[in-house]
Amino acid sequence: MKLIQGIGSRSALSLDLIANFAGAGWSAVLGLVCIPLYIRFMGIEAYGLVGFYFMLQAMLLVLDLGLSPTINREMARYSVQPEKSAECRDLVRTLETGYWLIGLAIGCFIFSAAPWVAAHWVKAANIPTRTVSEAVMIMGVWAVVQWPIKFYQSGLLGLRRQVLYNLLRIGGATFHNGGAVLILWLVSPTIKAFLLWQVLASTTQVTLLMLFLWLNLPPSERAPRFNPTLARNIWQFAAGMSGIAVLGLILSQVDKVIVSKLFSLRVFGYYTLAWAVANGLLAVSRVVFNAVFPRMSEQVAAHDENGIRDSYHRGSQLMAVLIFPAAAVLALFPFSVLRLWTQNGILASHSGALLSVLVVGSALNAVFYMPFGLQLAFGWTSLSLFTGLLWVAILVPAMFPMAKHFGAVGVASVWAILNILNVVVVAPLMHRRLLPGEVWGYFRDIGLPLASTIILAALGRL
């Protein structure tokens with residue numbers, strides 16, 4: 001019986017991975033096709049403003065308060081506790097209400113800060129200050145409807161509705177990107193037209209996600225209720241995740257803040273372009289993480305130690321096999337990749353070195369997802385909080401002299417150093433408590449693909 005359950009469970013995991021790869025792959029293809037078109041229609045400075053919005057959005061994720069990973073974990077746990085269906089729906093209603101209120105506050109803040117941002121932060125050479133201010137105001141409206149999307153997506157992932165989630169993701173990405181290209185081409189090639197379309201697309205997307213999450217929650221005989229007591233029951237995990245989010249935000253976004261402030265909007269546009277490519281590795285890692293993390297959370301709740309080890313090592317191996325070959329090509333042949341992609345030698349020459357350095361950090365960050373996910377599955381957040389504080393204290397101050405002496409490439413190199421430390425220092429500490437004796441198994445999981453990739457890539461480079 002256990003063998004049959006194991007086979008069925010692995011089949012479900014395989015289906016989840018296929019669905020996640022389909023969703024991520026389609027989004028990646030659209031990015032590859034559409035980003036050069038955005039730059040061609042709007043110009044590199046306007047694309048820098050788009051990068052500014054995504055940087056701002058990532059910075060404001062601190063206000064998520066740990067609710068997205070919490071709803072993911074709790075939905076996975078409730079899925080093996082059908083007797084708590086009413087409680088499950090009450091928790092969603094409670095956290096959903098808080099999430100929308102946070103989104104509204106964020107939108108109002110961005111809208112009101114738009115004139116100051118245009119006058120004192122963004123260094124645009126060819127875009128009028130008034131246009132920048134109006135664009136940032138539209139970003140405030142976009143933020144309100146964009147903000148809850150992550151919450152509803154996390155709920156569907158926790159319920160293991162990977163296929164539905166990815167169908168919605170594919171549709172949303174097509175509507176966002178394809179529609180934006182058509183608007184820029186046929187209506188108006190301006191940053192304002194681009195942003196207004198994104199507001200419409202995000203409104204449609206969040207409405208559909210909200211509808212399908214509620215349709216897939218376990219049925220109950222009564223209507224869901226706002227119940228703050230349930231939020232208090234999970235406050236410790238959510239607070240830990242909130243702290244991790246703050247530190248993760250600082251460590252992953254401070255480079256963009258420094259580059260956007262110290263350098264021109266054009267340089268920030270080049271930096272944003274390099275990050276758009278390097279971020280593709282993190283998109284792949286999230287595909288694997290989104291399939292494996294709910295499964296590990298269920299296994300932790302069921303005290304299935306063998307299942308936890310199996311899921312963890314399989315996830316780590318798959319992550320390494322998918323990430324390292326692509327990372328090697330991007331790191332060793334950045335100019336060729338960017339030139340082929342953008343058909344623009346100037347963009348490739350300015351972004352190539354940045355891409356090489358950012359890819360190293362992103363590849364190591366990707367393979368660290370599994371140790372981090374295992375900590376979350378066990379509800380252990382203190383290790384990430386402590387190490388995050390340590391890295392902030394040491395590495396963030398280092399970015400300013402690196403920017404002064406080495407420019408934007410120096411800032412990007414700190415991202416690579418941070419993730420080297422996570423893999424060689426933090427991962428062994430995690431194994432010591434949660435999976436004793438398995439640290440060398442983890443290094444074998446990621447080390448063999450890394451070694452073979454380096455050898456082949458070096459030969460290719462020669």
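pLDDT is the predictor's confidence in each residue, on a scale from 0 to 100. Here the chain averages 83, and 92% of the residues score at least 70. This is a predicted model, in which local features need pLDDT of at least 70 and side-chain atom pairs count only at pLDDT 80 or more, while totals for chains, interfaces and linings use all residues. Residues are numbered from 1 along each chain as its sequence is written, and side-chain values use heavy atoms, with hydrogens and water left out.

Let's begin with confidence. Helix α8 (residues 191-216) has the highest mean in the chain, at 92, and α1 has the lowest, at 70; helices here are DSSP runs of H or I with at least four residues, strands are runs of E with at least two, and both are numbered from the N terminus. Over residues 1-8 pLDDT stays under 50, and the model gives that stretch 0 contacts beyond four places in sequence, a contact being heavy atoms within 4.5 Å. Where pLDDT is low, the predicted coordinates should not be read in detail.

Further along α1, which spans residues 2-42, sits V29. Because its relative accessibility is 43%, V29 counts as partly exposed; the classes are buried under 20% relative accessible area, exposed over 50%, and partly exposed in between, with a 1.4 Å probe and protein chains only. V29 joins W26, L32 and V33 in a nonpolar surface patch of about 360 Å². Patch members have over 30% relative accessible area and no salt bridge, with nonpolar side chains (Val, Leu, Ile, Met, Phe, Trp, Tyr) joined within 5 Å and like charges within 9 Å. A salt bridge would be a side-chain nitrogen of Lys or Arg within 4 Å of a carboxyl oxygen of Asp or Glu, and the areas come from the Shrake-Rupley method with a 1.4 Å probe, where for residues only the protein chains shown count as cover.

Now for a buried spot: Q299, in helix α11 (residues 265-301), counts as buried because its relative accessible area is 8%. Leaving out residues up to four places away in sequence, Q299 touches D304, G307, I308 and S311. With S311 there is also a side-chain to side-chain polar contact of 3.0 Å, meaning N or O atoms within 3.5 Å; within protein, one must be able to donate a hydrogen and the other to accept it, and residues adjacent in sequence count only if both atoms are side-chain atoms.

T453, in helix α17 (residues 439-461), is buried too, at 11%. Its side chain reaches the backbone oxygen of P449 at 2.7 Å.
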